[in-house]
There are 2 protein chains.
Amino acid sequence: MAERVKIGQAVKAQAMLVRQLKEEKADKDKISEEVARLLQLKAQLGDGAQKFILKCPKGTRDFDPKQMSVREGVFKTIIDSFKRHGAETIDTPVFELKETLTGKYGEDSKLIYDLADQGGELLSLRYDLTVPFARYLAMKKISNIKRYHIAKVYRRDNPAMTRGRFREFYQCDFDIAGAYDPMIPDVEVLKIVSEILSNLQIGDFEIKVNHRRFLDGMMACCGVPEDKFRAICSSIDKLDKTFWADVRAEMVDEKGLDPAAADKIEKYVKLRGRTELVEELQKDENLLKNTDAVEALEEMKVLFKYCDIMNITDKVKFDLSLARGLDYYTGLIYEGILKGPEASTPGEAVSVGSVAGGGRYDGLVGMFDPKGKKVPCVGVSIGIERIFSIMEAKLQAENAVIRTTETQVLVASAQKDLLEERMKLCNELWTADIKAEMSYKKNPKILSQLQYAEDSGIPYVAIIGGDEIEKGVVKIKDTSTREEVEIPRAELVSEIRKRSESK
Amino acid sequence: MAERVKIGQAVKAQAMLVRQLKEEKADKDKISEEVARLLQLKAQLGDGAQKFILKCPKGTRDFDPKQMSVREGVFKTIIDSFKRHGAETIDTPVFELKETLTGKYGEDSKLIYDLADQGGELLSLRYDLTVPFARYLAMKKISNIKRYHIAKVYRRDNPAMTRGRFREFYQCDFDIAGAYDPMIPDVEVLKIVSEILSNLQIGDFEIKVNHRRFLDGMMACCGVPEDKFRAICSSIDKLDKTFWADVRAEMVDEKGLDPAAADKIEKYVKLRGRTELVEELQKDENLLKNTDAVEALEEMKVLFKYCDIMNITDKVKFDLSLARGLDYYTGLIYEGILKGPEASTPGEAVSVGSVAGGGRYDGLVGMFDPKGKKVPCVGVSIGIERIFSIMEAKLQAENAVIRTTETQVLVASAQKDLLEERMKLCNELWTADIKAEMSYKKNPKILSQLQYAEDSGIPYVAIIGGDEIEKGVVKIKDTSTREEVEIPRAELVSEIRKRSESK
């Protein structure tokens with residue numbers, strides 16, 4: 001008994017210590033949090049009589065039926081392409097053990113949403129789909145899979161909702177895991193990106209490619225010390241939005257790079273091209289000394305040969321300034337970029353933004369395997385939120401009618417007391433697998449029924465009245481042409497089917 | 001400047017106070033949490049050399065491609081039915097402001113997952129889809145909508161994964177919001193449940209119905225005091241799993257009900273039937289005095305008339321013991337129950353479990369509206385996880401091959417050095433929108449290629465070799481019959497299309 005008390009005391013003391021240490025560390029953060037909370041509370045109290053704020057959490061949104069309709073259309077195009085290439089799909093939980101995510105995102109780890117400690121495991125919301133995928137492969141000991149995964153991920157980032165940056169957003173990932181021959185799965189990923197961006201019809205695009213080992217080799221040849229590779233890489237990555245002078249300043253002044261090395265880098269990162277550029281670089285004596293550069297260029301040459309076969313060479317461009325942020329890439333990297341309207345002026349293409357990105361990551365799965373067993377992977381993430389925004393703007397500009405249902409027929413009546421007759425007719429249509437609706441009012445007005453059909457884009461209205469019932473007929477009204485025909489009731493199903501097919 | 005310092009100090013002092021108060025309150029909880037954490041840590045350390053545990057969080061799971069295939073099939077059947085009835089779909093964020101969920105789930109609130117307080121708003125994971133739906137309607141001031149929503153919800157419940165109870169699970173909700181005439185939207189919900197359970201082909205089922213206002217009226221007539229209605233209701237709800245004697249004991253001994261009232265209740269809750277039962281109850285002089293009972297019975301009579309028209313009366317049964325847990329129901333309530341194999345013995349149907357449940361809730365949206373404006377709603381939630389489990393077991397029992405891809409053709413070669421030829425052929429097929437795959441190895445063995453086609457259920461293999469290329473032909477092998485034919489390469493696409501249609 002005394003011992004149990006002792007243990008209890010020891011545990012308590014330990015708990016107190018843990019708490020104390022945590023508090024000291026968190027003190028500064030907490031004060032500013034509390035200030036924010038109090039200010040928010042004040043704002044709420046000033047807001048009026050409402051019991052609570054009626055809103056979505058910051059950086060998130062509801063999708064209304066029109067947005068869902070656009071979203072489903074985009075998903076269909078993307079999934080069709082994944083399936084055309086034989087992909088399976090998987091799903092993982094929305095949260096992972098906190099430690100599964102630890103040490104995978106570098107600086108960005110501060111953006112991870114943690115769950116409150118309510119006893120039990122410490123959990124975090126997934127930050128992307130790649131780490132859960134790697135965890136899945138290691139846990140199930142899978143060494144070959146071609147899968148897609150479309151799901152929401154969570155980042156406590158500064159939201160910019162009009163530009164499509166949210167705290168809850170979809171990712172749409174396709175990856176090929178397995179030890180295969182060089183560039184064969186890689187080129188299929190590029191082919192898929194090309195198919196998707198073509199089929200979405202959201203404008204001209206280009207897929208920039210580079211190679212992590214080429215970048216490393218190039219930096220080494222320019223005199224960048226190895227411990228500065230990642231830092232200099234992340235400066236290079238800013239070249240699509242920043243002038244060279246500013247990037248150079250960052251490299252030299254902030255990151256302490258030798259100015260001579262920066263000048264050598266400049267010569268390379270301005271280069272763009274295809275096979276001819278690869279061949280030119282293969283003659284560069286500076287690079288020839290570096291195994292990484294030599295092997296990467298050999299792979300790039302093979303890649304462009306395969307691109308020729310896949311008919312995508314005109315979309316793919318070797319761009320020596322492409323670096324991509326994430327640490328875990330080990331081979332080919334790429335980004336799908338939509339070109340602006342200026343794209344029509346030759347040579348002056350202005351990129352309006354990245355809508356797909358990915359690369360080869362041969363080491364990530366090994367981080368999860370108890371024995372460090374590697375599973376080489378290559379994949380891409382489609383920037384679906386940006387694509388939604390573009391698609392919504394496009395449909396708005398076209399003044400397109402976005403249907404939110406697939407209803408084929410509205411069953412209506414022009415007279416009172418025909419509710420049961422409408423129900424009967426609806427039931428006949430449903431039984432024949434025809435999508436049908438009726439008003440839930442006992443005696444709806446005929447005009448409001450017709451208006452509803454027009455507003456929701458329902459192509460046909462089946463109208464019944466006392467006369468029609470007596471004669472065993474139904475009136476079909478075409479919502480767009482407003483033409484009416486009377487047909488035998490027994491032919492309604494086949495008539496709707498025939499008309500729906502020809503529409 | 002001095003003032004800013006003062007404000008700063010005041011804010012700090014306030015923050016300290018807030019923290020102190022919280023700490024005191026949380027002290028007891030925290031100690032037990034710390035103990036749990038330390039024990040867990042110890043368990044991990046004892047586990048061996050592995051850096052971390054490779055697992056999904058407790059009560060959650062990954063879906064592998066086979067499970068996803070089953071899941072997508074079930075979703076398709078359900079969504080088809082929703083769309084047949086003209087439903088739209090919406091989506092809401094996975095978390096809500098904590099206060100949005102507060103006070104909606106009674107005792108179960110302790111099962112809500114909270115997010116950690118990392119500054120900013122206090123958030124919780126959604127517990128169901130109904131409260132977010134009500135918040136959505138109130139926020140967007142929508143008074144009419146027929147929508148479905150399929151998404152994951154989160155409950156810190158005790159998981160029983162083999163019986164389909166998870167901490168992360170899908171809900172699949174269909175609701176009709178709007179002020180309409182009695183029982184018209186309600187019967188359509190029952191029709192949809194009936195369609196879905198029929199189309200899923202998971203065995204015989206029955207939809208039990210009751211009415212909250214009838215239950216209240218019946219309890220009043222039996223002498224249950226009004227403040228005990230909900231408590232007695234929840235006892236009645238246990239009758240599907242518990243003997244009457246035990247339920248009675250709970251009512252009388254635990255909940256302090258007058259034994260005479262319990263005996264009167266017994267008489268009612270044993271009743272089952274359809275229109276004839278409604279009519280019988282309408283003659284019950286005891287019930288006739290109670291407006292709630294009288295009006296509810298009138299509605300039940302109307303419901304069964306509509307069920308006749310919709311052809312679902314044989315599936316629907318008035319069951320006076322059905323009570324349903326949730327507080328917010330205000331009218332018709334129902335539950336879809338799968339009958340066990342014993343269902344074939346007449347009158348002895350044993351329910352193997354609820355797979356759908358719902359009812360009318362006319363007050364919930366008003367809880368979110370600043371002015372309390374009500375939007376009447378009726379809806380149903382399909383118990384999708386249970387259905388997945390049943391479906392998986394069924395497919396396993398049937399020894400069914402579950403395909404995880406839709407690939408139509410595997411492009412293979414019997415000789416070495418034909419990688420580029422395989423790529424070319426794949427590219428031709430993809431361009432024609434045929435789903436095709438090939439090995440990512442440079443020189444795969446023909447046997448392993450054929451084995452892959454068989455294992456993944458790919459119906460055709462297109463084989464090329466040096467001879468075939470020279471002659472401009474392709475060999476098509478049928479994976480199931482193993483028959484081979486040689487056709488001109490130019491006819492490959494049309495041949496695959498033709499064969500795929502007839503399969």
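User: In chain A, what share of the contacts with a separation of 6 or more comes from residues 24 or more positions apart?
Analyst: Such pairs make up 67% of the chain A contacts that have a separation of 6 or more, where contact means heavy atoms within 4.5 Å. This is a predicted model, in which local features need pLDDT of at least 70 and side-chain atom pairs count only at pLDDT 80 or more, while totals for chains, interfaces and linings use all residues. Residues are numbered from 1 along each chain as its sequence is written, chains are lettered from A and ligands numbered from 1 in the order in which they are written, and side-chain values use heavy atoms, with hydrogens and water left out.

User: How many helices and strands does chain A have?
Analyst: Chain A has 17 helices and 16 strands, taken as DSSP runs numbered from the N terminus, with helices being H or I runs of at least four residues and strands E runs of at least two. Of its 503 residues, 52% count as buried, a term that means under 20% relative accessible area, with exposed being over 50% and partly exposed in between (1.4 Å probe, protein chains only).

User: How are chain A and chain B related?
Analyst: Chain A superposes on chain B with an RMSD of 0.1 Å after a rotation of 180 degrees and 0.0 Å of shift along the axis, the fit being by least squares on the C-alpha atoms of residues with pLDDT of at least 70 in both copies. The two copies are therefore related as by a two-fold rotation axis. Both use the same surface, since 99% of the contact residues of chain A recur in chain B.

User: Switching to rings, how many aromatic pairs are there over all chains?
Analyst: The whole structure holds 24 aromatic pairs, counted for rings of Phe, Tyr and Trp (its six-membered ring) whose centres lie within 6.5 Å, with planes under 30 degrees apart called stacked, over 60 edge-to-face and the rest tilted. One of them is Tyr154(A) with Phe95(B), which is tilted because the centres are 5.7 Å apart and the planes stand at 55 degrees.

User: Where do Tyr154(A) and Phe95(B) lie?
Analyst: Tyr154(A) is in strand E4 (residues 145–154) of chain A and Phe95(B) in strand E2 (residues 95–97) of chain B, so this pair joins two chains. Tyr154(A) and Phe95(B) are both buried. Another pair is Tyr328(A) with Tyr361(A), whose centres are 5.6 Å apart with planes at 55 degrees, so that pair is tilted. Tyr328(A) sits in the loop between strand E8 (316–319) and strand E9 (332–339) of chain A, and Tyr361(A) in the loop between strand E10 (351–360) and strand E11 (377–382) of chain A, so the pair ties together parts that are 33 residues apart in sequence. Tyr328(A) and Tyr361(A) are both buried.

User: Which residues form one aromatic cluster?
Analyst: Phe63(A), Phe75(A), Tyr170(A) and Phe388(A) do. There are also charges over rings, which requires NZ of Lys or CZ of Arg within 6 Å of the ring centre and within 35 degrees of the ring normal. The charged end of Arg61(B) is over the ring of Phe166(B), 3.9 Å from its centre, and Arg71(B) lies over the face of Phe63(B), 4.6 Å from the ring centre.

User: Is Arg147(A) buried or exposed?
Analyst: Arg147(A) counts as buried because its relative accessibility is 0%, and its place is in strand E4 of chain A. The side chains of Arg147(A) and Asp175(A) share a polar contact of 2.8 Å, that is, a pair of N or O atoms within 3.5 Å, where within protein one must be able to donate a hydrogen and the other to accept it, and residues adjacent in sequence count only if both atoms are side-chain atoms. Beyond its neighbours within four places in sequence, Arg147(A) is in contact with residues including Glu88(A), Phe133(A) and Asp173(A).

User: And what does Thr130(B) touch?
Analyst: Not counting residues up to four places away in sequence, Thr130(B) touches Asp173(B), Tyr328(B), Tyr361(B) and Leu364(B). Thr130(B) lies in helix H4 (residues 130–140) of chain B, and its relative accessibility of 9% makes it buried.

User: How many residues of helix H6 of chain A are buried?
Analyst: In helix H6 (residues 212–222) of chain A, 9 of the 11 residues are buried, so the helix is mostly covered. Cys221(A) and Cys222(A) are among them, and just after H6(A), Gly223(A) takes a positive phi of about 90 degrees.

User: How many disulfides over all chains, then?
Analyst: The count is 0 disulfides over all chains, a disulfide being a pair of cysteine sulfur atoms within 2.5 Å. Among the cysteines, Cys233(A) counts as buried at 3% relative accessibility, and Cys426(A) does so at 0%.
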